[in-house]
Amino acid sequence: MASERTLSIIKPDATKRNLTGAIIDRFERRGLRIVAQKRLRLTTEQAERFYAVHAERPFYRSLVRFMTSGPVVVQVLEGPDAIAVNREVMGATDPAKAAPGTISKDFAESIEANSVHGSDSAETAAQEIAFFFSALEIDP
Ligand code: ATP
Ligand code: MG
């Protein structure tokens, strides 16, 4: 298993409910290492750009509104198979379909306010990491 990096976002529903530490704990317990991290508030333009792939989906406007409704924590997670391991820890996008012990099952409020984002492939991970971080901001 090669070491990988993936982008993780702790979404506004979770930062509002003071769940940042509880969620980070799930990643660290599974061996994912945080090599970059910051808290910020996305502008509408930034959220639109980040989710541009979903621009034609019916939930796009609502998703952009939600993602700008409060602070997010963006982080780069590193470890063997990090992209897949992160998605496993996160659980299914829809909390109603998520397995026990996953972040989605334990913390998400709805399919939209689902507490976390994780890159879905190596290509997206590279793009999403570059969207938020410069090389200087990542622990080499
Ligand atoms: P995938 O592996 O298909 O990329 P994902 O978990 O990354 O799955 P997306 O389908 O890419 O989810 O959707 C991105 C985000 O949009 C989700 O994390 C969620 O916040 C929101 N979302 C997805 N589907 C819906 C929906 N049907 N209604 C409202 N919001 C949604
Ligand atoms: Mg996705």
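On a 1 Å grid laid over the protein atoms alone, a pocket is an open set of points with protein on both sides within 12 Å along at least five of seven lines, and a molecule sits in one if more than half of its atoms lie within 2 Å of its grid points. This is a predicted model, in which local features need pLDDT of at least 70 and side-chain atom pairs count only at pLDDT 80 or more, while totals for chains, interfaces and linings use all residues. Residues are numbered from 1 along each chain as its sequence is written, ligands are numbered from 1 in the order in which they are written, and side-chain values use heavy atoms, without hydrogens or water.

Select ligand 1 to begin with, since the space that it takes is the largest pocket. Next, show the residues with a heavy atom within 4 Å of the ligand, among them Tyr51, His54, Phe59 and Arg87; this shell divides into four nonpolar, three polar and four charged residues.

Now look for polar contacts, pairs of N or O atoms within 3.5 Å: a polar side-chain atom of Lys11 lies 2.9 Å from an oxygen atom of ligand 1, and side-chain N or O atoms of Asn114 and Asp120 lie 3.1 Å and 3.2 Å from ligand oxygen atoms. The protein covers 72% of the 600 Å² of accessible area that ligand 1 has on its own (Shrake-Rupley method, 1.4 Å probe).

Definitions and conventions. A polar contact is a pair of N or O atoms within 3.5 Å; within protein, one must be able to donate a hydrogen and the other to accept it, and residues adjacent in sequence count only if both atoms are side-chain atoms. On a 1 Å grid over the protein atoms alone, a cavity is a set of points where a 1.4 Å probe fits but cannot get out, and a pocket is an open set with protein on both sides within 12 Å along at least five of seven lines; lining residues have an atom within 4 Å of a point. Ala, Val, Leu, Ile, Met, Phe, Trp, Tyr, Cys and Pro count as nonpolar, Asp, Glu, Lys and Arg as charged, and the others, Gly among them, as polar.
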